[in-house]
Amino acid sequence: MPGGTPRGVRGVAILGSTGSIGKSALQVLARQRERFRVVALTARDNREALDRQVREWQPRLSGLVAERGPDLLVEAATHPDADIVLNAVVGAAGLDATLAALRAGKRVALANKETLVMAGDLVRQASVEGGGELVPVDSEHSAVLQCVAGREGGLARLILTASGGPFREWEPARIRGATVAEALNHPTWQMGSKVTVDSATLANKALEVIEAHYLFQLPYAGLEVVVHPQSIIHAFAEFCDGSVIAQLGFPSMELPILYAFTHPERLPDSGVRRFDPVAVGAMTFEPVRTEVFRAFRAGVEAGRAGGTAPAVFNAANEVAVAAFLAGGIAFGRIAEVIEQVLDVHRVEPVRELDTVRAADRWAREHAHEVLA
Ligand SMILES: NC(=O)c1ccc[n+]([C@@H]2O[C@H](COP(=O)([O-])OP(=O)(O)OC[C@H]3O[C@@H](n4cnc5c(N)ncnc54)[C@H](OP(=O)(O)O)[C@@H]3O)[C@@H](O)[C@H]2O)c1
């Protein structure tokens with residue numbers, strides 16, 4: 001289609017369109033064609049899936065990072081026809097595109113939580129400087145945003161929920177030897193393999209605590225996690241007068257994705273399963289077994305330490321999870337690698353991106369040494 005995007009229609013660039021979040025986003029957009037237009041689609045190396053999407057959506061820009069290099073993500077994130085950039089890439093690879101989109105004044109619908117974990121202050125700074133806007137896609141953070149939207153101030157505490165993953169009730173020795181298939185067998189969410197393993201170690205919940213710290217500007221003392229195996233309540237927001245507001249829904253990423261596109265407004269969506277408390281049945285809550293899920297504990301401690309520690313936690317976790325998925329290490333080694341890398345890291349304050357990049361590089365190299 002020649003020319004720009006029609007008036008009133010918002011252009012969406014999807015980074016990581018062939019992944020779990022990317023595909024859910026296209027399902028949402030297929031029901032909202034009069035409101036949004038897909039202007040860019042990128043993937044890493046899945047040519048077949050990308051070609052299929054390109055035939056259907058006819059974006060102005062599309063490509064594989066494996067062929068065109070990482071600058072493709074920045075090009076898509078700053079495309080002049082994109083009003084919204086959905087960053088659904090996995091891991092540190094998403095950072096530059098998030099920063100570039102915010103500097104270019106875009107709304108970033110952020111699924112790539114690793115971006116905020118690595119460089120939370122720099123990401124916030126980029127949005128202030130460029131006039132961009134960061135809106136979370138993670139269901140817990142979307143829940144918080146929905147609880148606080150339209151309410152000025154007074155937020156005192158957040159409680160993020162965690163399903164507990166597939167090993168919630170397992171004995172530590174059995175968890176240690178869990179197979180890849182067992183780790184990928186998540187009880188309530190269908191997700192990409194990296195985030196599914198992160199959910200099994202609960203490293204994902206530590207990443208989310210750090211993400212919440214930067215998004216909602218709360219100290220770590222005001223950020224808690226509770227295990228809620230049914231994944232119906234996504235977060236609780238407690239206000240200074242003790243009132244608590246929670247957001248509920250059947251587990252599906254489609255609602256948080258659409259909300260990230262429309263916040264603070266809402267659009268009708270015929271595709272969302274309507275809530276039914278009777279079908280939900282009992283909802284239960286229990287504490288996180290922090291002595292068992294050590295990656296969670298290490299991640300939250302890295303968040304509290306601040307500076308380069310969260311980027312190091314993230315990088316060590318990425319290396320260890322990749323090794324586990326490749327069959328190279330036991331499940332229990334993931335947390336040990338993270339701990340061993342963090343133990344010898346000298347935390348530095350983060351004032352510029354180069355510091356983050358150096359910490360990320362160092363942590364990856366050190367994690368590989370630990371693995372060897
Ligand atoms: N899935 C969920 O329900 C969920 C929920 C909350 C948050 N998140 C977060 O959302 C992000 C995406 O998760 P996902 O589950 O959708 O992952 P996924 O299914 O593995 O999809 C990842 C997408 O990113 C592309 N990609 C992977 N590595 C890349 C790289 N180095 N450079 C450029 N593109 C790359 C992949 O392309 P190829 O297909 O070509 O490999 C794919 O399109 C993660 O940060 C995750 O933590 C996911």
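Select helix 11 and helix 14 in this predicted model. A203, K205, A206, V209 and I210 of helix 11 meet A295, F296, G299, V300 and G303 of helix 14. By class, this contact holds 7 nonpolar, 2 polar and 1 charged residues. Now check the geometry. The two axes are 7 Å apart, at an angle of about 20 degrees. Helix 11 is therefore roughly parallel to helix 14. The crossing of helix 11 past helix 14 is right-handed.

**Stay on helix 11**

Show residues 203-216 alone; these make up helix 11. From first C-alpha to last, helix 11 reaches 20 Å, close to the 20 Å expected at 1.5 Å a residue. Is helix 11 mostly covered, or mostly open? It is mostly covered, with 13 of its 14 residues buried.

Next, add helix 6, residues 114-130. Helix 6 and helix 11 pack at about 5 degrees, with axes 9 Å apart. That angle makes helix 6 roughly parallel to helix 11. On the helix 6 side, pick L116, V117, G120, D121 and R124. On the helix 11 side, pick L207, I210, E211, Y214 and L215. This contact divides into 6 nonpolar, 1 polar and 3 charged residues. Note I210: it is in this contact, and it also meets helix 14.

**The two ends of helix 11**

Most residues other than glycine have a negative phi. Look for exceptions here. Select L202, in the loop between helix 10 (193-201) and helix 11. L202 has a positive phi of about 70 degrees, although it is not a glycine. L202 counts as buried because its relative accessibility is 4%.

Move to Q217, just after helix 11. Q217 sits in the loop between helix 11 and strand 8 (223-227). It is not a glycine either, yet its phi is positive, about 55 degrees. Is Q217 buried or partly exposed? With 47% relative accessibility, it counts as partly exposed.

**Helix 15 against helix 16**

Select residues 309-325 for helix 15 and 331-343 for helix 16. Their axes lie 9 Å apart, at an angle of about 150 degrees. Helix 15 and helix 16 are therefore roughly antiparallel. Helix 15 passes helix 16 in a right-handed crossing. Colour the contact. Helix 15 supplies A309, V312, F313, A316, N317, A320, V321 and F324. Helix 16 supplies F331, I334, V337, I338, V341 and L342. The residues of this contact are 13 nonpolar, 1 polar and no charged.

**H345 and T308**

Step to H345, in the loop between helix 16 and helix 17 (353-371). At 14% relative accessibility, H345 counts as buried. What does H345 contact, leaving aside neighbours within four places in sequence? The answer is T308, A309, V312 and W362. Draw a distance from H345 to V312. Their C-alpha atoms are separated by 7.9 Å, though the two residues are 33 apart along the chain.

Now centre on T308, in the loop between helix 14 (294-305) and helix 15. T308 counts as buried, at 2% relative accessibility. Leave aside its neighbours within four places in sequence. T308 is then in contact with H345, R346, V347, E348, V350, T355 and A359.

**Helix 1 and the loop after it**

Select helix 1, residues 20-30. Which of its residues are buried? They are I21, G22, S24, A25, L26, V28 and L29. Show what covers them: strand 1 (10-15), strand 2, helix 2 (47-57), strand 4 (84-87) and helix 12 (254-262) are included.

Go on to R33, in the loop between helix 1 and strand 2 (36-43). R33 is partly exposed, with a relative accessible area of 42%. R33 touches E56 and W57, not counting residues up to four places away in sequence. The C-alpha atoms of R33 and V9 are 8.8 Å apart, with their positions 24 residues apart along the chain.

**Last stop: a cis bond**

Most peptide bonds are trans. Zoom to the bond from H263 to P264 for a cis one, with omega near 0 degrees. P264 lies in the loop between helix 12 and helix 13 (277-280).

Notes:
Residues are numbered from 1 along each chain as its sequence is written. This is a predicted model: local features need pLDDT of at least 70, side-chain atom pairs count only at pLDDT 80 or more; totals for chains, interfaces and linings use all residues. Side-chain values use heavy atoms; hydrogens and water are left out. Helices (H or I, at least four residues) and strands (E, at least two) are DSSP runs, numbered from the N terminus. Buried means under 20% relative accessible area, exposed over 50%, partly exposed in between (1.4 Å probe, protein chains only). Contact means heavy atoms within 4.5 Å. Axes are lines fitted to C-alpha atoms, for helices over the stretch in contact, and angles run from 0 to 180 degrees between N-to-C directions. Angles under 35 degrees count as roughly parallel, over 145 as roughly antiparallel, 65 to 115 as roughly perpendicular and the rest as oblique. A crossing is left-handed if the near helix is turned anticlockwise from the far one by less than a right angle, and right-handed if clockwise. Ala, Val, Leu, Ile, Met, Phe, Trp, Tyr, Cys and Pro count as nonpolar, Asp, Glu, Lys and Arg as charged, and the others, Gly among them, as polar. The expected span of a helix is 1.5 Å times one less than its number of residues.
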